[in-house]
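Me: I've got a model open and I'd like to learn how to read it feature by feature. Can you walk me through it?

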Amino acid sequence: MKNNHPGQDDQQAASAAENSATGFGRMRSKLAFDRLVAMGAKLGMENPLFLCHDKAAKATTQINGKEYINFSTYDYLDINGHPEITEEVTRAAVRYGTSAGASRLVGGERPPHRELERAFADLYGVEDCIAYVSGHAANVSTLGFLLGHRDAIFHDGLAHNSLIQGARLSGAARYSYLHNDCDSLENMLQAKRHEHKRALIVTEGLFSMDGNIPDLPRIIELKKRYDCMLLVDEAHSLGVLGPTGRGAHEFFGINPTDVDMWMSTLSKSMCGCGGFIAGRRELVEYLKYGSPGFVFSVGMPPVIAAACRKALEIMLREPQRVRRLQDISQFFVRYAAEKGLDTGAAQGYAVVPVMVGDSMLAGFLSNALFKRGIYVMPITFPAVKEGTDRLRFFISAAHTEEHVRTALDALAEELPKVCKAVEEHRRNCPDMESDG
Ligand SMILES: Cc1ncc(COP(=O)(O)O)c(C=O)c1O
């Protein structure tokens, strides 16, 4: 029967679509995000995500023609856009084009693939290396492929999403130990290791949320005692730790062959994209013939492989970049303390959070700083535990003390104002944040 109410059909159709399997607008996480954006908009807060930048993101950036001090780039060593990389990439593009054409297994390789993998194997003094097209995929595919139902993965409580996804995919039992707490790890190993065939301990070289460093020598000792493999994700420690940026093994002066898998992304200090696993030859060969993110995925574009290898060369040739990054990061932590700001567990190496403990506060602060020409992102649940919400600063070797002072002076000024505004808002609209 024809519906005589104009618009009712449309409404019914829309509601049916929303409730159907493809009604993504009704997904819980989408609703929660929409609610947050709507709430922010009502309070004059702009959505800080997906902003389009006019130029390469470096210590400063430009958005809609306006300059910002940029604390939201992984270009730790100020290498992105280096003329030698542009030259190398241009040469590689002319010779090999922009695509690897197919999975390297079937489509073959190009010299930049081999040179990149050799360079990273040499960096760690290990036998071989495998490069994936994405850092995330490197973790998902490696963990998902290497471990199985009878195995166990012991990972830090703040492990990156890619490590968790890989652990889930593997079907192995998953034990999350307290963040950066080796006693907690040891207790779990003592209680659970014997129940499983193989076991893998997973840690990061520098934790991406808190900016702190694990006790790698102790983890190595535990790995040996409990007969486990060990993977260290150096996404944020490569280029950052150690006098020449070689990462966690240089920082601690440990033998790199004590770690079974050195993983890193190529998207941070190496200014490209992709990820690698460096370790023993038989492990790399096993991954190259079986790991789905490598076998069933196109090879890394040769131009990116060439770019990342050149970035590594620049890092090793110019350790002053690493020194500058470390100096300015330490200054950041000291100056934040002077201003009474809480940098949590940060040790002053490239990643420094300023803890604010409330998601709305973090969002508003980020917005207030944006209006003052400072670009820094809020990190809230589910990326971190509720109550540990923060602004996360990524620091670059090109940041100056003036950049840091400008940002932290502004933050210290805005914090009480924003706290007051959030309190007022909560008093006036107590229902606004509750689940609708
Ligand atoms: C610790 C860690 N591992 C892996 C990844 C994934 O790397 P990519 O973004 O290069 O895919 C990230 C990304 O931020 C990370 O922080």
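Me: Let's begin with charges. Which residue forms a salt bridge with Asp 183?

Reply: Keep in mind that this is a predicted model. The general idea is to look for a side-chain nitrogen of Lys or Arg within 4 Å of a carboxyl oxygen of Asp or Glu. Here the partner of Asp 183 is Arg 218, with the closest N and O atoms 3.0 Å apart. The two come from distant parts of the chain: Asp 183 belongs to helix H8 (residues 182-192) and Arg 218 to helix H9 (residues 216-225), 35 residues apart.

Me: And how do I tell whether Asp 183 and Arg 218 are buried or exposed?

Reply: Go by relative accessible area: under 20% is buried, over 50% is exposed, and partly exposed is what lies in between. Asp 183 has 45%, so call it partly exposed. Arg 218 has 24%, so that one is partly exposed as well.

Me: How many salt bridges turn up in the whole structure?

Reply: A search of the whole structure gives 35. Some of them share partners, and that's how Glu 84, Glu 88, Arg 91, Glu 115, Arg 309, Lys 310, Glu 313, Arg 317, Glu 318 and Arg 321 end up joined into one network.

Me: Let me zoom in on that network. What is the distance, N to O, between the side chains of Arg 91 and Glu 88?

Reply: They meet in a salt bridge at 2.9 Å, N to O. Now check where they sit: both are in helix H3 (residues 83-96), and they are 3 residues apart, so about one helical turn separates them. Their surroundings are worth a look too. Arg 91 is partly exposed at 49% relative accessible area, whereas Glu 88 is buried at 14%.

Me: Where is Glu 115, another member of the network, found?

Reply: Glu 115 is found in helix H5 (residues 111-124). Its relative accessible area is 38%, so it counts as partly exposed. For a sense of scale, Glu 115 and Lys 58 are 57 residues apart in sequence and 27 Å apart in space, C-alpha to C-alpha.

Me: Got it. Which residue does Arg 104 meet in a salt bridge?

Reply: That would be Glu 109, at 2.8 Å, N to O. Arg 104 has a relative accessibility of 5%, so it is buried. Glu 109, at 27%, is partly exposed.

Me: On to the strands. In what order do the 7 strands of the open sheet come?

Reply: To read a sheet, walk across it from one strand to its neighbour. Here the walk goes E3-E9-E8-E7-E6-E4-E5, and the pairing is mixed. The edges are strand E3 (128-132) and strand E5 (173-177); each has a single partner strand, so one side of each lacks a neighbour in the sheet. From one strand to the next, the twist averages 20°.

Me: How many bridges join strand E7 to strand E8?

Reply: There are 3, between E7 (residues 229-233) and E8 (residues 261-265), and these strands run parallel. You can find the register by looking for Val 232, which stands opposite Trp 262 in E8.

Me: Which helices lie across E8?

Reply: Look at which strands a helix lies across, then at the angle. Helix H6 (residues 135-146) lies across E3, strand E4 (152-156), strand E6 (199-204), E7, E8 and strand E9 (275-279), and runs at about 150° to E8. Helix H11 (residues 281-290) lies across E3, E8 and E9, at about 25° to E3.

Me: What about strand E13: how many of its residues are buried?

Reply: In E13 (residues 390-394), 5 of 5 residues are buried. Take the faces in turn: Arg 390, Arg 392 and Phe 394 are on one side, Leu 391 and Phe 393 on the other, and both faces are covered. Strand E10 (residues 351-355) pairs with E13 in the antiparallel sense over 5 bridges, with Leu 391 as the bridge partner of Val 354. Strand E12 (residues 377-379) also runs antiparallel to E13, joined by 3 bridges, and there Ile 379 has Arg 390 as its bridge partner.

Me: Last one: which residues form a nonpolar patch on the surface?

Reply: Look for Phe 33, Val 37, Leu 49 and Phe 50, which together have about 400 Å² of accessible area. Phe 33 lies in helix H2 (residues 28-42), and its 34% relative accessibility makes it partly exposed.

Terms used
Residues are numbered from 1 along each chain as its sequence is written. This is a predicted model: local features need pLDDT of at least 70, side-chain atom pairs count only at pLDDT 80 or more; totals for chains, interfaces and linings use all residues. Side-chain values use heavy atoms; hydrogens and water are left out. Two strands pair if DSSP finds at least two bridges between them. Helices (H or I, at least four residues) and strands (E, at least two) are DSSP runs, numbered from the N terminus. Axes are lines fitted to C-alpha atoms, for helices over the stretch in contact, and angles run from 0 to 180 degrees between N-to-C directions. Contact means heavy atoms within 4.5 Å. Buried means under 20% relative accessible area, exposed over 50%, partly exposed in between (1.4 Å probe, protein chains only). Patches are made of residues with over 30% relative accessible area and no salt bridge: like charges are joined within 9 Å, nonpolar side chains (Val, Leu, Ile, Met, Phe, Trp, Tyr) within 5 Å. Accessible areas come from the Shrake-Rupley method with a 1.4 Å probe; for residues, only the protein chains shown count as cover.
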